[in-house]
Amino acid sequence: ASSTAVDSFAISNAIVAWTNMGGGVLYFPAGEYHDTNNHHFSAETYLGEYPGWPASTIRGDGFTASTWKYTGPMTTGAFIQCNGFNTAIRDIGFEGPGKTVQDLTGLYTTNGGFPALYENFLFRDWGTGLNPEGIAGGRIVSGNFDDNYVGLMLSTYMDGWDITFRANRNNFAIEQHHYDVTYPADISEPNSARIYGMGIQNGVV
């Protein structure tokens, strides 16, 4: 990886190997990795390693040392989308094209099932940095959200989270977003979440 090279091919090969292994660690050594692709992972590919936590982890050597940067043309949707399973993230930064691209999300999870663990990470320059929708329970430890339009989206069915994070220069550090759902109505928005924000220089909506 370098500050100028496009690493999409190497990343795609690593993801294929990760997929064929049924999970494990997708590892980014220190460096800046430019990727023009977006990635969609589903439950048909990954199975839980043990009950309660995901089998898959995206990991680097520190959120300022390892950066996975999206440099493609997409302006809506998600750079990384996980449907029906969760991947943990640890010690890595995800950088987008800028917060003016408001309809682009860094990591979006739907119907996650198992609790999630996100630790020591950075989302920078996204419309929305992280949206772990549909994950009932999880932890964010030392999360960092910088220069996003929305740092962290708390969406439908996000109950029982423990969140510690820093946020700087976002338009909104946290947005609680509620979708109209019919079942079950009593947990259709975030409940029972403990949130500790440090160094917040943004709004909350």
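## Ground rules and overall layout

A residue counts as buried here when its relative accessible area is under 20%. Keep that cut-off in mind, because Glu95, with a relative accessible area of 12%, falls on the buried side of it. One more thing up front: what you're looking at is a predicted model.

In outline, the chain has 16 strands and 1 helix. Of its 205 residues, 49% are buried. The accessible surface adds up to about 9,100 Å², and carbon and sulfur atoms account for 51% of that. As for contacts, take the ones between residues at least 6 apart in sequence: 66% of those join residues at least 24 apart.

## The nonpolar core

The largest nonpolar core holds 37 residues. Which of them have the most contacts inside that core? They are Ile58, Trp68, Phe94, Tyr118, Phe123 and Leu130.

Ile58 is a handy one to click on. Leaving out residues up to four places away in sequence, Ile58 touches Trp18, Leu26, Phe28, Trp68, Thr87, Ala88, Ile89, Arg90, Ile92 and Phe94. Trp68 and Phe94 turn up again on the list of residues with the most contacts inside the core.

## Aromatic pairs

There are 14 aromatic pairs in this model. One of them is Trp18 with Phe41, an edge-to-face pair with ring centres 5.3 Å apart and 90° between the planes. This pair links distant parts of the chain: Trp18 sits in helix H1 (residues 8–20) and Phe41 in strand S3 (residues 39–42), 23 residues apart. Both Trp18 and Phe41 are buried.

Phe121 and Phe123 make another edge-to-face pair, at 5.5 Å centre to centre and 70° between the planes. Phe121 counts as buried because its relative accessibility is 0%, and Phe123 is buried at 0% as well. Ring pairs also tie both of them into a cluster with Phe28, Tyr33, Trp68, Tyr70, Phe79, Phe94, Tyr118, Trp126, Phe145 and Phe165.

## Salt bridges

Side chains of opposite charge can pair when their charged atoms come close. In this model the count is 5 salt bridges. Glu95 pairs with Lys69, with the closest N and O atoms 3.5 Å apart. Glu95 is in strand S7 (residues 87–95) and Lys69 in strand S5 (residues 66–70), so this bridge ties together parts that are 26 residues apart in sequence. Add Arg124, and you have a network of salt bridges linking Lys69, Glu95 and Arg124.

Arg169 is worth a look too, with two partners to inspect. Its side chain meets that of Asp146 in a salt bridge at 4.0 Å, N to O. Here Arg169 sits in the loop between strand S13 (161–168) and strand S14 (172–176), while Asp146 is in strand S11 (residues 138–146), 23 residues apart. Arg169 also bridges to Asp147, at 2.9 Å, N to O. Asp147 lies in the loop between S11 and strand S12 (150–154), 22 residues from Arg169.

Buried or exposed, how do these three come out? Arg169 is partly exposed, with a relative accessible area of 44%. Asp146 is buried at 14%, and Asp147 is buried at 18%.

## Strand S3 and its neighbour

In a regular strand the side chains alternate between the two faces of the sheet. S3 shows this: His39 and Phe41 point to one face and are buried, whereas His40 and Ser42 point to the other and are not. Phe41, you'll recall, is also the ring partner of Trp18.

S3 runs parallel to strand S6 (residues 77–83), and 4 bridges join the two. Within this pairing, His40 stands opposite Gln81 in S6.

## Backbone oddities

Most residues other than glycine have a negative phi, and most peptide bonds are trans. Asn120 has a positive phi of about 55°, although it is not a glycine. Asn120 belongs to strand S9 (residues 116–124), and it is partly exposed, with a relative accessible area of 22%.

Asp125 has a positive phi as well, about 70°, and it isn't a glycine either. Asp125 is located in the loop between S9 and strand S10 (128–132).

Note on methods
Residues are numbered from 1 along each chain as its sequence is written. This is a predicted model: local features need pLDDT of at least 70, side-chain atom pairs count only at pLDDT 80 or more; totals for chains, interfaces and linings use all residues. Side-chain values use heavy atoms; hydrogens and water are left out. Rings of Phe, Tyr and Trp (its six-membered ring) pair if their centres lie within 6.5 Å; planes under 30 degrees apart count as stacked, over 60 as edge-to-face and the rest as tilted. Buried means under 20% relative accessible area, exposed over 50%, partly exposed in between (1.4 Å probe, protein chains only). Contact means heavy atoms within 4.5 Å. Accessible areas come from the Shrake-Rupley method with a 1.4 Å probe; for residues, only the protein chains shown count as cover. A nonpolar core is a set of buried Ala, Val, Leu, Ile, Met, Phe, Trp, Tyr and Cys residues joined through side-chain atoms within 4.5 Å. Two strands pair if DSSP finds at least two bridges between them.
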